[in-house]
Amino acid sequence: MARKAKEIYVNLPVTDLQKSIDFFTALGFGFNDEMTDENATCMIVGDHIYVMLLVEPFFQKFTKKQLADSQAATEVIVAISADSKAEVDEMVQLAIEAGGKASNDKMDDEYMYGWSFQDVDGHLWEVMCMPEN
C-alpha cells in the first residue's frame, strides 16, 4: 500500500516574519494564530496544506546545512493550484503589488496555464490551473 500523508507542511526561512505575513495576507492567505509567535507562523494554504514561515535563525535550528540565499539561488518552487486563468493572474498581480516580483513569463498550453512570482524573500511560487478537457 502506498504511503499517504494526512497533511503537508512546507518550511521556508524568512528574514522578516511580519513582512512575510503582510505579503501573504495581501494575497489572501490566513494564518493559524496558535502556531504563530516571534519565530514562526503557520500559513494555511489548503485544507491540509500549510507553509511554516520561520525566521532564519529559528529555521537554522532544524538543519545542519547552510541556508540557501533564496535571492540568488533556487532551493524549491512551491506550486499551488488556482481554479481559473483569471485567478492565476490575480494572485500573481497581488504578489507583485505586495512587494514580490514576477518570476517567469506566463505559460499557456493545452494542459496547464501558469505564472510565477518571487515572494519578499525570493522564494519561487508557481500558480497554475489545469482546465478540464
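Modeller: Start with a rule. Two strands pair if DSSP finds at least two bridges between them. This is a predicted model.

Biologist: Which residue of E3 is the bridge partner of Phe-31?

Modeller: Met-43 is that partner. Phe-31 falls within strand E2, residues 30-32.

Biologist: Why are E2 and E3 called paired strands?

Modeller: Pairing needs at least two bridges. E2 and E3 are joined by three, so they qualify under the rule. The two strands run antiparallel.

Biologist: What stands opposite Met-43 in E4?

Modeller: Val-51 does. Met-43 therefore has bridge partners on both sides of the pairing scheme: Phe-31 and Val-51, given how DSSP bridges define pairs.

Biologist: What makes E3 and E4 a pair, and in which sense do they run?

Modeller: Six bridges link strand E3 (residues 40-46) to E4. The rule asks for at least two, so the pair stands. The sense is antiparallel. Cys-42 stands opposite Met-52 in E4. Two residues lie between E3 and E4, and the strands form a hairpin.

Biologist: Which strand does E1 join, and in which sense?

Modeller: Strand E1 (residues 8-14) joins E4 through seven bridges. These two run parallel. Ile-8 stands opposite Ile-49 in E4.

Biologist: Why is E4 called largely enclosed?

Modeller: A residue is buried when its relative accessible area is under 20%. Six of the seven residues of E4 (residues 49-55) meet that cut-off, so the rest of the structure largely encloses the strand.

Biologist: What about E3: why is that strand described as enclosed?

Modeller: Five of its seven residues are buried, so E3 too is largely enclosed by the rest of the structure.

Biologist: How many of the residues in the protein chain are buried, as a percentage?

Modeller: 37% of the 133 residues.

Biologist: What is the order of helices and strands along the sequence?

Modeller: The pattern reads β-α-β-β-β-α-β-α-β-β-β. That is three helices and eight strands.

Biologist: Why is the protein chain said to be as compact as a globular protein of its length?

Modeller: Its radius of gyration is 15 Å, and the globule rule gives 14 Å for 133 residues; the values are close, so the description holds.

Biologist: What share of the contacts with a separation of 6 or more comes from residues 24 or more positions apart?

Modeller: 51% in the protein chain.

Biologist: How far apart are the mean positions of the positive and negative charges?

Modeller: They are 10 Å apart, for 10 positive and 24 negative charges.

How values were computed:
Residues numbered from 1 in each chain as written. Predicted model: local features only at pLDDT ≥ 70, side-chain atom pairs only at ≥ 80, totals over all residues. Heavy atoms only, no water. Helix = DSSP H or I, 4+ residues; strand = E, 2+ residues; numbered from the N terminus. Rg over C-alpha atoms; globule rule 2.2 N^0.38 Å. Buried < 20%, exposed > 50% of the residue type's maximum accessible area, 1.4 Å probe, protein only. Contact = heavy atoms within 4.5 Å. Lys, Arg positive; Asp, Glu negative; His and termini not counted. Charge placed at Lys NZ, Arg CZ, Asp CG, Glu CD.
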